[in-house]
2 protein chains.
Amino acid sequence: MEKKPTVYDVAHEAGVSIATVSRALRTPHSVRPNTRKAIELAIKRLGYVPSGSAQSLAARRTNSIGLFLPNIDELDSLSDFQLTTIDQAEVVVDPPRTPSMRPDSFYFDSLLRGCELEAWRQGLSLMVNIGLGRTDTDVSRLVNDMSGKVDGLIVMARSVPERVLEPLRRHLPLVMVANAPSDHEEEFDLVRVSNRKGMSALVRHLVKAHHVSQIAYMAGPDDSPDNHKRYEGFCEGLRDCGLNPEAAPIYRGQFSQVIACTITKSLIAQDSLPEALVCANDQMALGAMTALSRAGVPVPGRVIITGFDGISETEATEPRLTTVRQPIVDLGRAAVSTLVKRMSAPGDPPISTELPVTVLLRESCEGPLAGV
Amino acid sequence: MEKKPTVYDVAHEAGVSIATVSRALRTPHSVRPNTRKAIELAIKRLGYVPSGSAQSLAARRTNSIGLFLPNIDELDSLSDFQLTTIDQAEVVVDPPRTPSMRPDSFYFDSLLRGCELEAWRQGLSLMVNIGLGRTDTDVSRLVNDMSGKVDGLIVMARSVPERVLEPLRRHLPLVMVANAPSDHEEEFDLVRVSNRKGMSALVRHLVKAHHVSQIAYMAGPDDSPDNHKRYEGFCEGLRDCGLNPEAAPIYRGQFSQVIACTITKSLIAQDSLPEALVCANDQMALGAMTALSRAGVPVPGRVIITGFDGISETEATEPRLTTVRQPIVDLGRAAVSTLVKRMSAPGDPPISTELPVTVLLRESCEGPLAGV
DNA sequence: TTGTAGGCGTTATCAC
DNA sequence: GTGATAACGCCTACAA
């Protein structure tokens with residue numbers, strides 16, 4: 001591979017000075033057509049591409065932003081990857097099994113797509129990193145490395161410990177996604193969805209339209225802020241309808257399909273199913289549906305099931321699952337949009353945005369619906 | 001926001017020279033413990049992070065690689081994004097409808113994840129870009145911009161016109177994914193999956209294990225290399241079993257679920273269903289399944305349906321869909337792995353890797369299977 | 001319109 | 001061990 005040409009090479013080839021080359025690139029109209037042609041020709045000939053590093057150094061901005069995502073579980077079992085070509089397609093029988101999903105992937109993929117989208121619109125490059133480092137030190141190295149290469153950073157909640165975030169924030173525009181360190185949440189730029197309002201609207205619908213009063217909550221992990229917000233919404237919805245949240249049973253499904261399935265099975269066995277089982281995410285709702293359909297319990301006839309998130313699997317169940325859809329792609333776009341604002345106005349007060357969610361009423365609470 | 005501290009600030013704060021600061025960072029053992037401590041302290045105090053641009057410029061390498069993905073259809077309708085907070089969760093009835101999927105997203109998301117994974121393992125940053133530009137000029141600007149910021153580029157097939165790829169290749173390590181410009185394919189580094197072998201293995205299984213002889217092919221778009229490779233495999237499989245590929249009907253499903261559904265419906269109406277309908281991708285197989293299940297045609301009793309790709313929806317149908325799974329995440333890892341090799345050995349001959357696929361036999365051809 | 005020269009923040013090669 | 005100093009490739013006044 002040939003040595004990379006620089007402005008000097010182009011200048012020499014075109015018989016002009018490097019300043020003129022630079023100008024021809026940045027303010028074409030400020031250079032005489034003839035010389036411009038010559039320069040363009042030289043550029044083509046040499047296959048010249050400006051060095052991003054040098055440009056960034058001189059301009060003191062990189063025109064890129066970074067996105068930092070947390071660990072993804074599948075990455076835990078990361079082995080050395082070997083480039084080998086096997087000359088045969090494998091043929092295997094693939095027996096049915098409880099689907100083991102990658103619940104988080106959908107979220108991250110969508111978020112990423114939103115960021116890409118908006119970054120592109122804003123003319124920015126997007127650098128992606130996953131917090132794969134086990135230790136704080138590793139993550140710290142990663143995020144430091146990245147922060148040297150970008151003009152601003154979007155950080156998914158819980159992907160970076162606050163201890164490493166805090167010093168960064170002094171010199172780098174930072175936008176948090178989903179939530180910010182609780183201590184001084186209001187100091188951060190933040191984008192999130194209104195988990196609370198979505199859940200309360202759903203609960204109000206259940207009570208008012210379907211007249212259920214025995215409602216149970218299938219909860220996520222205690223350390224999940226999303227779960228907390230959703231539970232708050234659950235309680236709020238009940239209170240709005242004059243019901244007592246304290247009276248509603250809570251089951252700890254840990255955002256897990258399998259656990260939710262097990263719990264639901266035992267509820268069936270003890271004949272202690274509520275009129276409606278409100279799950280803190282779709283995975284658990286899917287698990288509950290599995291248990292109910294195996295036991296032949298009619299949904300929504302005997303029990304109403306609802307989820308939260310709006311993953312595509314909720315459309316494939318029978319009946320389809322009522323859920324609350326988060327605008328995750330828009331969340332990504334909002335993050336970039338906020339970051340851009342911040343970069344151009346470093347002194348302004350923090351921007352906190354809450355995106356609205358959509359309650360999707362489907363057969364698991366409505367019963368048969370006319371198709372389109 | 002405070003001015004970003006530089007080595008000079010750190011040096012001054014610690015009472016040493018910038019050279020020593022640099023050394024303390026890169027070869028800690030070559031500096032006396034005391035001075036090192038002082039420097040580390042100064043770094044913490046100031047919140048210093050090295051400038052990636054300057055590092056890259058001096059080191060003549062960026063330690064990042066780029067991934068270039070093609071247009072994603074959903075992006076066509078890209079509007080200005082407004083940061084607005086609506087203070088209400090929307091509640092809507094969501095009627096059942098033919099699912100409109102994002103067929104490509106799954107592929108790109110998985111590929112991206114594979115790249116992230118391997119890039120992380122190799123200590124590289126990953127820069128992602130989508131070829132959203134309408135015109136060649138736009139794409140060209142995008143890819144040029146990106147190529148100035150990275151040490152190497154991974155390019156998804158058909159995301160960048162060859163005309164802009166060719167000059168880039170002179171100075172930048174480049175790995176193609178899925179396929180390379182046909183003219184001089186063998187000059188490119190390339191990673192792909194063995195579409196042909198997967199399809200032929202599937203067809204051989206259908207003929208030998210299920211004794212079908214009337215097989216039809218539901219084809220993708222003519223301009224899709226994947227479709228061609230799969231059709232080659234289809235023919236090869238038939239020939240291997242002594243059947244004549246010329247005799248097999250071809251239906252043009254265009255990789256579209258809706259079109260495949262329509263076609264299948266008319267096949268049912270004309271009573272011209274084959275014994276097995278081999279689809280060039282999962283979307284079309286899903287469309288066919290929809291038509292068949294609506295018409296009450298038993299699968300695989302009356303007709304066997306197979307797909308290709310291994311998307312998750314194929315596990316949700318009843319019966320589940322026999323398909324060929326591509327190792328897309330591994331494809332991404334292989335791409336990065338190849339790129340790294342190339343970067344460290346620019347002169348070596350092109351590396352072409354073909355990853356094996358897996359034929360997943362499920363109920364849509366096998367009939368009832370024992371679960372696990 | 002074009003050229004000269006200083007600076008952007010690091011790394012690395014010298015001396016000391 | 002530590003400190004000057006010259007690259008690295010580009011941008012941008014400032015001159016011409």
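The two protein copies in this predicted model meet through the same surface, since 99% of the interface residues of chain A are also interface residues in chain B. The geometry of the pair fits with that: chain A lands on chain B, with an RMSD of 0.1 Å, after a rotation of 180° and 0.0 Å of shift along the axis. That is the relation of a two-fold axis.

As for confidence, chain A comes out at a mean pLDDT of 90, with 93% of its residues at 70 or more. Within chain A, the low point is helix 5 (residues 103-121), averaging 85, and the high point is strand 9 (residues 276-279), at 98.

Turning to the DNA, strand D is surrounded by 26 residues, and both chains feature among the closest: Val7(A), Ser22(A) and Tyr48(A) on one side of the list, Thr20(B) and Val31(B) on the other. Of the strand D atoms that come within 4 Å of the protein, 63% belong to sugar and phosphate. Helix 2 (18-26) and helix 4 (52-59) of both chains each put at least two residues into the surface near strand D, and helix 1 (7-14) of chain A does likewise. By residue class, that surface splits into 14 nonpolar, eight polar and four charged.

Some polar contacts to strand D can be picked out in chain A. Two go to phosphate oxygens: a polar backbone atom of Ser51(A) sits 3.2 Å from one, and a polar side-chain atom of Gln55(A) is 3.3 Å from one. Tyr8(A) instead addresses a base, with an N or O atom of its side chain 3.4 Å from a base nitrogen of strand D.

Key. Residues are numbered from 1 along each chain as its sequence is written. Chains are lettered from A and ligands numbered from 1 in the order in which they are written. This is a predicted model: local features need pLDDT of at least 70, side-chain atom pairs count only at pLDDT 80 or more; totals for chains, interfaces and linings use all residues. Side-chain values use heavy atoms; hydrogens and water are left out. pLDDT is the predictor's confidence in each residue, from 0 to 100. Helices (H or I, at least four residues) and strands (E, at least two) are DSSP runs, numbered from the N terminus. A residue is near a molecule or strand if one of its heavy atoms lies within 4 Å of it. A polar contact is a pair of N or O atoms within 3.5 Å; within protein, one must be able to donate a hydrogen and the other to accept it, and residues adjacent in sequence count only if both atoms are side-chain atoms. Ala, Val, Leu, Ile, Met, Phe, Trp, Tyr, Cys and Pro count as nonpolar, Asp, Glu, Lys and Arg as charged, and the others, Gly among them, as polar. Copies are superposed by least squares on the C-alpha atoms of residues with pLDDT of at least 70 in both. Contact means heavy atoms within 4.5 Å.
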